[in-house]
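Student: I'd like a close look at one residue in this model, and then a walk outward to whatever else stands out. Could you take me through it slowly?

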Amino acid sequence: MYTEEELKHGLTTQVFGSKLFVYDSIDSTNACAKTFANKGAEEGSIVIADHQTAGRGRFGRTWLAESGSSLLFSVIIRPTFRTDKIGLLPLFAATGIALAVETVTGMQCECKWPNDILINKKKCCGILMESTSRQNKLDYAIIGIGLNVNQRNFLGELEDKATSLRSECGIEFSRRNVFRQIMMSLESLYTDVSKGDFSTVLMEWKARATMFGRRIALTQDADVIDGIAIALASDGGLVVKTETCQRVFHAGDVTIVKQ
Ligand code: BTN
């Protein structure tokens, strides 16, 4: 369990974490952050919980996380740029978290389009971005972060796909310290991002992306698109060259096809 005092201790950020809403158990930190954002919660406010009873993943999936061993939180941001840059926000979040995880673990992270973070090819963090806009301007965005910190076991099909910082490094991490590092890393990137400048984010994200030039399968609902991941589009989409054409995708699950 966290307390607000513990999380605030040593936190030197000005905006990220300036307001903390701390829960032992909640349905979903994203759902709660949305309610607060609609009531005017300020930029940088965080909803954090030890346990979620209805954690949400991408594409309406459920996000399950063992109580007490993950970081489960949502950040409210209110950037003023136009909505055509929304697709870059997941890359901002993924880059900030990857940099923080690398600092605390000393391990190299991989960024997988659009917003997963892997260590040694296994997913350690999922990000769920939800936003609301009016007349081409973002009202707010919620960055929901589920980071596996100290889990020891991943059962069933997750065994080959998921990991935690502890599983990769063999040591237990203080969730408070990891949280603090993420706050610092996001805030440092956000100075430019809030003005619509994603150049540092894109440079750091691309340096950690391994899918470009490789054959991928991109799954969207029942469709599976087979092609080569060519590049990142300027709006954050993924440019894929199939046998018949070149297309930009803005959502989907990507698997690198072993050849
Ligand atoms: C994914 O499907 O990979 C994204 C998972 C995001 C899960 C986090 S946990 C904290 C926040 N609250 C939620 O309900 N979901 C996100």
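Does Ile 225 count as buried or exposed?

Tutor: Before I answer, keep in mind that this is a predicted model. Ile 225 counts as buried, because its relative accessibility is 11% and the cut-off for buried is under 20%. You'll find Ile 225 in strand 9, which covers residues 223–232. For a sense of what lies across from it, look at Val 240: the two are 15 residues apart in sequence, and their C-alpha atoms are 8.8 Å apart in space.

Now try another residue with a similar story. Arg 175 is in helix 5, residues 175–193. You may not expect it of an arginine, but Arg 175 is buried too, because its relative accessible area is 12% and buried means under 20%. Two separations help to place it. From Arg 175 to Asn 150 is 25 residues along the chain, with 8.3 Å between the C-alpha atoms. From Arg 175 to Leu 91 is 84 residues along the chain, and there the C-alpha atoms are separated by 23 Å. Leu 91 itself belongs to helix 3, residues 89–105, and with a relative accessibility of 1% it counts as buried.

Next, go to strand 3, where Ser 70 lies. Ser 70 is buried, with a relative accessible area of 1%. Does its side chain have a polar partner there, and if so, which one? The partner is Gln 151: side chain meets side chain in a polar contact of 2.8 Å.

Strand 3 also takes us to the ligand. Strand 3 (70–77), helix 2 (29–38), strand 6 (122–134) and strand 7 (137–148) each supply at least two residues of the shell around the ligand. Strand 6 gives the most, with four residues. In total, 20 residues surround the ligand, and the closest are Ser 28, Gln 52, Arg 56, Arg 58 and Lys 123. Sorted by class, that shell has ten polar, six nonpolar and four charged residues.

If you zoom in on the ligand, a few atom pairs are worth clicking on. A polar side-chain atom of Ser 28 is 2.7 Å from one of the ligand's oxygen atoms. Thr 29 also uses its side chain, where an N or O atom is 2.9 Å from a nitrogen atom of the ligand. Arg 56 does it another way: a polar atom of its backbone, not the side chain you might check out of habit, is 2.7 Å from an oxygen atom of the ligand. How much of the ligand does the protein bury? Taken alone, the ligand exposes 410 Å², and the protein buries 98% of that. As for where it is, the ligand sits in the largest pocket.

Let's finish with some backbone oddities. Most peptide bonds are trans, and most residues other than glycine have a negative phi. Trp 113 and Pro 114, though, are joined by a cis peptide bond, with omega about -5 degrees. Pro 114 is in the loop between strand 4 (110–112) and strand 5 (116–119). Asn 115 is in the loop between strand 4 and strand 5 as well. Asn 115 counts as buried, because its relative accessibility is 4%. A polar atom of the Asn 115 side chain lies 3.1 Å from the backbone oxygen of Ile 127.

On the phi side, there are two residues to check. Phe 59 isn't a glycine, yet its phi is positive, near 55 degrees. It is found in the loop between strand 2 (46–52) and strand 3, and its 45% relative accessibility makes it partly exposed. Lys 121 isn't a glycine either, and has a positive phi of about 70 degrees. Its place is in the loop between strand 5 and strand 6. Lys 121 counts as exposed, because its relative accessibility is 57% and the cut-off for exposed is over 50%.

Note on methods
Residues are numbered from 1 along each chain as its sequence is written. This is a predicted model: local features need pLDDT of at least 70, side-chain atom pairs count only at pLDDT 80 or more; totals for chains, interfaces and linings use all residues. Side-chain values use heavy atoms; hydrogens and water are left out. A residue is near a molecule or strand if one of its heavy atoms lies within 4 Å of it. A polar contact is a pair of N or O atoms within 3.5 Å; within protein, one must be able to donate a hydrogen and the other to accept it, and residues adjacent in sequence count only if both atoms are side-chain atoms. Accessible areas come from the Shrake-Rupley method with a 1.4 Å probe; for residues, only the protein chains shown count as cover. On a 1 Å grid over the protein atoms alone, a cavity is a set of points where a 1.4 Å probe fits but cannot get out, and a pocket is an open set with protein on both sides within 12 Å along at least five of seven lines; lining residues have an atom within 4 Å of a point. A molecule sits in a cavity or pocket if more than half of its atoms lie within 2 Å of its grid points. Ala, Val, Leu, Ile, Met, Phe, Trp, Tyr, Cys and Pro count as nonpolar, Asp, Glu, Lys and Arg as charged, and the others, Gly among them, as polar. Buried means under 20% relative accessible area, exposed over 50%, partly exposed in between (1.4 Å probe, protein chains only).
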